[in-house]
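Please examine the structure shown here with attention to its nonpolar cores and its pockets.

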Amino acid sequence: MPFDGIFVRSISQELDQTLQGGRIGKIYQVGRDTIIVPVRANGENYKLLLSSNANAARIYLTEKQFENPDSPPVFCMLLRKHLSGGIIKGIVTSGFERIVTILTEATDELGDRSIKKLVIEIMGRHSNIILLNKDDKIIDAIKHVGFEVNRVRELLPARTYILPPAQDKLDPAQDETYEILLKDAPLCGRKVESFLLDRLQGFSPVLCREVCFRAGIEDSKPASELTQNEAVLLTEVIRDLMHELQGEGPSPVIVFGDSGARAIDFHCTNLTQYQASKKYDSISSTVDTFFALKNNREFSSQRANDLLKLVEKQ
């Protein structure tokens, strides 16, 4: 799943630039785990898609049209009550965690303006969408997590919201990280890809492989077998990647396999390890296009299977 910490931070920054100061419209829910938040910002209308799907949790602006269900679910009604008409004050992340917080200022039950927080946790099967008040008390969540499931972190109404336990990883934007990597690499017998994945915040397997590819180092090579020059080169590639994202900004792409016929991945930086790729103007348009291609492929595949079953019955 391309929504690693590096990607989540980049898209949250893009969304913050686009939607900050925007007014939230009538929210609707288009599936068990997908919310659409209409926003009017800078004279333009946007649709912010939030999904807590276990296999494809995500957040981005979409151009896709959705039907507004006649009977909105309870969570959707709650979001409308607390957020409709509210102003987006900011969209932020904490470091390179895959958690996005949408800060809003909306009218409460007494008619006063108050801060509400809509938190999107992009964490595989633990993904969730959670509404908080200004004191970080949970108003509700799209998925309830009780004591029997998680004794440390309940996600239920009236509970205090607690961040997931922090992972003991290094911040790739800090200079001291590179010195630690150089010191730790000779002590790690795991392959270089796994070594980077274990040590760096926000890095997914595909991004770790990209670092190896740019450095000209086989990603399956044991980290303990890296030469001093190879280890230094790896840290330089990571530093250049972070400077590229922070300075020049994202370069979002979709990469293709099967001779360019099938979209297989996307990211906010060019994945040079793949031969076929296409660049896009924004991260949201990249994600929106990728899932449109993915859904069309799945629809075509399902339609072909249905036709085959029909023929077999005749």
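The briefing below covers the cores and then the pockets.

This is a predicted model. The largest nonpolar core holds 72 residues, and the largest pocket encloses about 780 Å³ of space. A second largest pocket has a volume of about 320 Å³.

**Nonpolar cores**

- In the largest nonpolar core, the residues with the most contacts inside it are Leu-50, Ile-59, Leu-196 and Phe-203.
- Beyond its neighbours within four places in sequence, Leu-196 is in contact with Cys-208, Val-211, Cys-212, Leu-234 and Ile-238.
- Another core, of 9 residues, lies apart from the largest one, and Ile-99, Ile-138, Ala-141 and Tyr-161 are among its members.
- In soluble globular proteins, nonpolar side chains tend to be buried together.

**Largest pocket**

- The space in the largest pocket comes to about 780 Å³.
- It is lined by 32 residues, of which Glu-97, Arg-98, Met-123, His-126 and Gln-167 are the closest to its centre.
- By class, this lining comprises 14 nonpolar, 10 polar and 8 charged residues.

**Second largest pocket**

- The second largest pocket is lined by 20 residues, and those closest to its centre are Leu-49, Arg-58, Lys-64, Phe-66 and Asn-295.
- Strands S2 (28-31), S4 (44-51) and S5 (58-61), together with helix H7 (283-313), are the elements that each give two or more residues to this lining.
- Helix H7 gives the most, with 5 residues.
- The lining of the second largest pocket divides into 7 nonpolar, 7 polar and 6 charged residues.

Definitions and conventions. Residues numbered from 1 in each chain as written. Predicted model: local features only at pLDDT ≥ 70, side-chain atom pairs only at ≥ 80, totals over all residues. Heavy atoms only, no water. Core = buried A, V, L, I, M, F, W, Y, C linked by side-chain atoms within 4.5 Å. Buried < 20%, exposed > 50% of the residue type's maximum accessible area, 1.4 Å probe, protein only. Contact = heavy atoms within 4.5 Å. 1 Å grid on protein atoms, 1.4 Å probe; cavity = no way out; pocket = protein on both sides within 12 Å on 5 of 7 lines; lining within 4 Å. Points joined across faces, edges and corners; volume = space filled by probe spheres on them. Nonpolar A, V, L, I, M, F, W, Y, C, P; charged D, E, K, R; others polar. Helix = DSSP H or I, 4+ residues; strand = E, 2+ residues; numbered from the N terminus.
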